[in-house]
Amino acid sequence: MRNTVTLLCLSLLILSCSSKSTQTYPVGQVITPKGEMLFWLYEETPIHKESFIELANAHYWDSLTFNRVIKGFVIQGGCPDTPEGFGDSPYLLEPEFVDGIKHVYGAVGAGRDDNPEKLSAGCQIYIIHDKDGIERLDGNYTVFGQVFKGLDVLDAIATVKTDSTDTPFEDVNMEVNVIQMTAEELKENGYELELR
């Protein structure tokens with residue numbers, strides 16, 4: 001009887017370890033002419049995370065570009081940023097400001113116009129290029145991800161030649177996907193998962 005219980009406990013332990021090693025996590029992927037960027041999607045911003053996943057899976061961004069590029073500030077793409085706001089955004093999102101999630105280098109956020117509720121445009125994504133971070137954006141724009149692979153790609157895009165409206169002279173197309181990665185794959189690509 002004791003051997004049976006020991007064997008059962010050992011089997012459950014092996015199954016538990018096996019399921020942890022095969023568990024996958026959604027990761028944002030942006031493929032550009034300059035290379036690939038991978039970014040973690042924060043659990044702490046579930047509205048923006050779910051929206052990003054839905055639009056990426058629908059290939060919403062795949063015909064669009066990084067249409068606003070400012071070295072030392074951000075690269076931004078998605079629906080057009082017009083004087084009237086984001087008229088082509090499929091919807092707006094409630095802000096999700098999280099104290100521990102900041103506008104650091106490589107932070108992925110959701111753009112918006114000057115609406116007083118600080119609602120995000122569902123279609124707008126930007127990535128912070130300032131290596132010191134941009135503290136003044138914290139609490140004003142929602143950060144929902146963090147680039148962990150492809151910061152060199154971010155640098156390459158941020159330094160392309162642009163016109164007076166910060167539009168690149170040559171299109172920087174984006175193909176946006178959500179891929180699944182295990183904790184081991186994340187670690188191999190530079191992201192150390194904090195397992196709770």
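**Architecture and packing of the predicted model**

Read along the sequence, the protein follows the pattern α-β-β-α-β-β-β-β-β-β-β-α-β-α. The model is predicted. Its secondary structure comes to 4 helices and 10 strands. The protein has 196 residues, and 43% of them are buried. Contacts reach far along the chain. Among those between residues at least 6 apart in sequence, 75% join residues at least 24 apart. The exposed surface is about 10,900 Å². Carbon and sulfur atoms supply 53% of that surface.

Helix H2 covers residues 46–57. At 1.5 Å a residue, its 12 residues should span 16 Å. The end C-alpha atoms are 16 Å apart, which agrees with that expectation. The buried residues of H2 are His 48, Lys 49, Ser 51, Phe 52, Leu 55 and Ala 56. These residues lie on the same side of H2, because they cover an arc of only 165 degrees around the axis. His 59 follows the helix and has a positive phi, near 60 degrees.

Helix H3 spans residues 151–158, and its buried residues are listed as Val 153, Leu 154, Ile 157 and Ala 158. They cover an arc of only 135 degrees around the axis, so they fall on the same side of H3. The buried residues of H3 pack against several strands. These are S1, S2, S3 (68–70), S4 (74–77) and S8.

Aromatic side chains were examined next. A pair of aromatic rings is described by the distance of the centres and the angle of the planes. The count comes to 8 aromatic pairs. Tyr 25 and Trp 40 form a tilted pair. Their ring centres are 6.0 Å apart, with 50 degrees between the planes. This pair links distant parts of the chain, 15 residues apart. Tyr 25 belongs to strand S1 (residues 24–32), and Trp 40 to strand S2 (residues 35–41). Both Tyr 25 and Trp 40 are buried. Ring pairs also link Phe 39, Phe 52, Tyr 60, Trp 61 and Phe 144 into a cluster. Phe 52 of this cluster is also one of the buried residues of H2. A charge meets a ring elsewhere. The charged end of Arg 112 sits over the ring of Tyr 141, 4.2 Å from its centre.

Individual buried positions show how separate segments meet. Gln 146 is found in strand S9. With a relative accessible area of 15%, Gln 146 is buried, because the cut-off is under 20%. The C-alpha atoms of Gln 146 and Ile 127 are separated by 8.5 Å, although the two residues are 19 apart along the chain. Leaving aside residues up to four places away in sequence, Gln 146 touches Leu 38, Phe 39, Trp 40, Tyr 42, Val 104, Tyr 105, Gly 106, Ala 107 and Val 108. Trp 40 is the partner of Tyr 25 in the tilted pair, and Phe 39 is part of the aromatic cluster.

His 129 lies in the loop between strand S8 (125–128) and strand S9 (143–149). Its relative accessible area is 8%, so His 129 counts as buried. Beyond residues up to four places away in sequence, His 129 touches Lys 71, Gly 72, Phe 73, Val 74, Tyr 105, Leu 154, Asp 155 and Ala 158. Leu 154 and Ala 158 are among the buried residues of H3.

Val 160 is in the loop between H3 and S10. At 18% relative accessibility, Val 160 is buried. Its C-alpha atom is separated by 9.0 Å from that of Val 172, 12 residues apart along the chain. Outside residues up to four places away in sequence, Val 160 touches Lys 34, Val 69 and Pro 168.

Backbone angles were considered last. Most residues other than glycine have a negative phi, and most peptide bonds are trans. Lys 118 is not a glycine, yet has a positive phi of about 60 degrees. Lys 118 lies in the loop between strand S6 (107–110) and strand S7 (120–121). With a relative accessible area of 26%, Lys 118 is partly exposed. Asp 166 likewise has a positive phi, near 70 degrees. Asp 166 is found in the loop between H3 and strand S10 (175–182). Its relative accessibility is 26%, so Asp 166 counts as partly exposed.

Notes
Residues numbered from 1 in each chain as written. Predicted model: local features only at pLDDT ≥ 70, side-chain atom pairs only at ≥ 80, totals over all residues. Heavy atoms only, no water. Helix = DSSP H or I, 4+ residues; strand = E, 2+ residues; numbered from the N terminus. Buried < 20%, exposed > 50% of the residue type's maximum accessible area, 1.4 Å probe, protein only. Contact = heavy atoms within 4.5 Å. Areas by Shrake-Rupley, 256 points an atom, 1.4 Å probe, with all protein chains shown as cover. Expected span 1.5 Å × (residues − 1). Arc of directions from axis to C-beta. Phe/Tyr/Trp six-rings, centres within 6.5 Å; stacked < 30°, edge-to-face > 60°. Lys NZ or Arg CZ within 6 Å of the ring centre and 35° of its normal.
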